[in-house]
Amino acid sequence: MFESLTDKLTNAMRHLRGTAKLSEENMGEALKEVRAALLSADVHFKVARAFIERVKEKCVGQEVLKTVTPGQQIIKIINDELVALLGEGSTELSQKKPLKIMMVGLQGGGKTTTSAKLAKALKKDGYKPRLVACDVYRPAAIDQLETVAGQIDVPCFAKRDTTDVPFIGELGLSEALSAGDDLIIFDTAGRLQIDEQLIEEIKELKKRVNPDEVLLVVDGAIGQEAVNVAKTFNEAVQLTGIVMTKLDGDARGGAALSMKEITGVPIKFAGTGEKLDNFDVFHPDRMASRILGMGDVVSLVEKAQETIDQDEAANMAERMMSGDFNFEDMLNQFRQIKKLGSMSSILGMLPGMGKMNMNMDDKAESQMKRSEAIILSMTKKERQKPQLLNSSRRNRIARGAGVKMAEVNQLVKQHMQMKKMMKKMQGGGKMGKGQMKKMMKQMKGSGMDPSQMGGMGGGMPDLSSFKGKLPF
């Protein structure tokens, strides 16, 4: 979502290389580009103007430290301001039990799916959820809520013989409390635009059920209109948080950067895909880091810990380091990586990988699928003993996978290179400069340019502290 903004901010920082002291003159062009980048990302013009003023105030007159470049120094200042803009401080939900949450927003923002995602996420934390269908206007809204509730094995309260929403909310709350549920989520109706009837209805519902949290669900693609929507709902029902949806899309991200500044309401969650698992707690500091191209390794590690079988990953690492690495292991590795999500979402969390993210995503996904098809076309014995793969076997595998024999040969070569590299690293020994150069040359030959791996801070991240927690 923020790829374009990341690129423009990166370019803006290049003007400051080699500067000894930050001044209004040498920063003028860079900050003009930063402001243009924010406006083109659909950030509200008042928010963009205030943001630039605060950055300028903190930068002007600062001596550039010997240990950092001017670009790095201003990035630190911009990063801090982005964190403040996105909503520094706590984004946690109320700790009350039972916890009552009312979901509000416009039609098409994803309230119903988000209600189920939130219920599923909090169910993992030990809550006993119930969904209450308070959208009696949109065709099939109740059916949709019942369907997604069934998918996450959560009860859903619906009353189809009345359109009295506050009454439905009261009945649903009463039934949930009688059943011992301690998380009640009210999925309310939206409109294509804000109208008086919608506002009065949610005001009355709020009065009857007295929610602990009122979350505004906003489509990430809404743009500058998000500010007006958030202001209106906040004035009507006093929002406690915002949920941004569709952050995996190609929207420009301005809504996320504007709403906290205008309303003072924090963004608490983010929807990152259509699946019910694609739902994350919103961390302003991590999002700011990703916008500036510095990645989000912490979130990647957390995601890996949630989705990857740690014992299986440890066994695989042991086999790789012992040199006993076959195609069964390679297939398992592909499947472990796929659990983390798309290649673009993984690359987006690694520092300096923005350009690779855009250029490599489709190619990498396609290549991984083809490699998987090739391995699945092998017999179990061939997967376990790659040395059996003679010319006739490779020809049969290529026909079975629907690929050219050259692609099978390439995968076998790739497997051999990985095995050789693991042997060199056996016993914790480090690669010498010559070996590293050779490896970089091989990577470049395969289409991966190591020189593109440096971000604004330069160089790949040090992932040594996450050893054993990532599947690669």
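**Exercise 1.** Find which residues Ile 142 is in contact with, leaving aside its neighbours within four places in sequence.

*Solution.* Start with the ground rules: this is a predicted model, where local features need pLDDT of at least 70, side-chain atom pairs count only at pLDDT 80 or more, and totals for chains, interfaces and linings use all residues. Residues are numbered from 1 along each chain as its sequence is written, and side-chain values use heavy atoms, with hydrogens and water left out.

Next, locate Ile 142 in helix 6 (residues 141–151); helices (H or I, at least four residues) and strands (E, at least two) are DSSP runs, numbered from the N terminus. Then look for contacts, meaning heavy atoms within 4.5 Å: Ala 133, Asp 135, Ala 158 and Arg 160 qualify. Finally, Ile 142 is buried at 11% relative accessible area (buried is under 20%, exposed over 50%, partly exposed in between; 1.4 Å probe, protein chains only).

**Exercise 2.** Work out which strands pair with strand 1 in the parallel sense.

*Solution.* Two strands pair if DSSP finds at least two bridges between them. Strand 4 (residues 183–188) shares five bridges with strand 1, and Phe 186 is the bridge partner of Met 102. Strand 5 (residues 213–219) runs parallel to strand 1 too, with four bridges; there, Glu 213 stands opposite Ile 101. As a last step, note that six of the six residues of strand 1 (residues 99–104) are buried, so strand 1 is largely enclosed by the rest of the structure.
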